[in-house]
Amino acid sequence: MKITVAGIKKEVADGLTVAQLVIDEKVETPEYVTVTVNDDFVDHGQFEETVLKDGDTVEFLYFMGGGQ
Amino acid sequence: MIKLSKSDYDKIVAHAQSEAPIEACGLIAGELNGNDKIVKKVYILTNVDHAEEHFTLDPKEQLFAVKDMRANGLTPLGNWHSHPVSPSRPSDEDKRLAYDSSASYMILSLMDDEPVLNSFHIEGDKAEKEELVIVQD
């Protein structure tokens, strides 16, 4: 199936989960990454259960914060 | 070196002053030219912490900004935030939460009469000031 990851179309295996995609994409500091699928935010606790579908669009957003 | 237009600098200062004493924050995007970064667009985002000593970018606005960057052929260059009552240097928390060593972290201090903006490269617990050039539009 084809999905779009960070604006790039990719061919991936059917049944791919968000958790596996995070690994496959070698996402740095995954504990601080927010994932959206078709603009819906996926809770970290749902990464394993969230199965991607053909045509899905995925974005990785890195936590940005701090304090004085 | 990182270049920022005077109008974008003014945009950051004006927003930070309007939000004080809450910390203001946002993203910067533009072009890479060798080792130089040229900021072409400054994004103003909501500090979802609404706090005087912390900031977290609103993830929904961050998603919108990332898409806007891509649509306009801009490269994400880093982020900016204000220190309403402390100097323009990364705090321990700023360094701890700086996960992207390729990013520039701009910090605007409003503690004195004149705002002070610096840009930093942060890697681990080490922060190094980058050469920041404000250019007339």
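Which strand of chain B pairs with β6(A), and in which sense, parallel or antiparallel? In this predicted model, the partner is strand β4 of chain B, residues 55-56. The pairing is antiparallel and runs over two bridges. One bridge can be named by residue: A:Gly66 has B:Phe55 of β4(B) as its partner.

The fold of chain A was examined next. Chain A holds one helix and six strands. Read from the N terminus, its elements follow the order β-β-α-β-β-β-β. The radius of gyration of chain A is 12 Å, and the globule rule gives 11 Å for 68 residues; the two values are close, so chain A is as compact as a globular protein of that length. The C-alpha trace of chain A spans about 45 × 25 × 20 Å along its principal axes. Of the 68 residues in chain A, 16% count as buried. Among contacts in chain A with a separation of 6 or more, 58% link residues 24 or more positions apart.

The contact between the chains draws 17 residues from chain A and 21 residues from chain B. On the side of chain A that touches chain B, three strands each supply at least two residues: β3 (33-37), β5 (57-62) and β6 (65-66). The largest share comes from β5(A), with three residues. By residue class, this side of chain A comprises six nonpolar, eight polar and three charged residues. Strand β6(A) thus appears twice in the description: among the strands that supply this side of chain A, and as the antiparallel partner of β4(B).

Attention then turned to the helix α1 of chain B. Helix α1(B) covers residues 6-19, 14 residues in total. From its first C-alpha to its last, α1(B) reaches 20 Å, close to the 20 Å expected at 1.5 Å a residue. Three residues of α1(B) are buried: B:Asp8, B:Ile12 and B:Ala16. Viewed down the axis of α1(B), the buried residues fall within an arc of 70°, so they line one face of the helix. The face turned away from that buried side carries exposed residues, namely B:Lys6, B:Ser7 and B:Ser18.

What covers the buried residues of α1(B)? The cover includes five strands of chain B. These are β1 (2-5), β3 (36-45), β5 (75-83), β6 (104-109) and β7 (116-123). Residues B:Asp8, B:Ile12 and B:Ala16 are the buried residues in question.

Methods: Residues are numbered from 1 along each chain as its sequence is written. Chains are lettered from A and ligands numbered from 1 in the order in which they are written. This is a predicted model: local features need pLDDT of at least 70, side-chain atom pairs count only at pLDDT 80 or more; totals for chains, interfaces and linings use all residues. Helices (H or I, at least four residues) and strands (E, at least two) are DSSP runs, numbered from the N terminus. The radius of gyration is taken over C-alpha atoms; the globule rule is 2.2 Å times the number of residues to the power 0.38. A residue is buried if 20 or more other C-beta atoms lie within 10 Å of its own, exposed if 12 or fewer, and partly exposed in between; C-beta atoms are placed from the backbone. Two residues are in contact if their C-beta atoms, placed from the backbone, lie within 7 Å. Ala, Val, Leu, Ile, Met, Phe, Trp, Tyr, Cys and Pro count as nonpolar, Asp, Glu, Lys and Arg as charged, and the others, Gly among them, as polar. Two strands pair if DSSP finds at least two bridges between them. The expected span of a helix is 1.5 Å times one less than its number of residues. The arc is that of the directions from the helix axis to the C-beta atoms.
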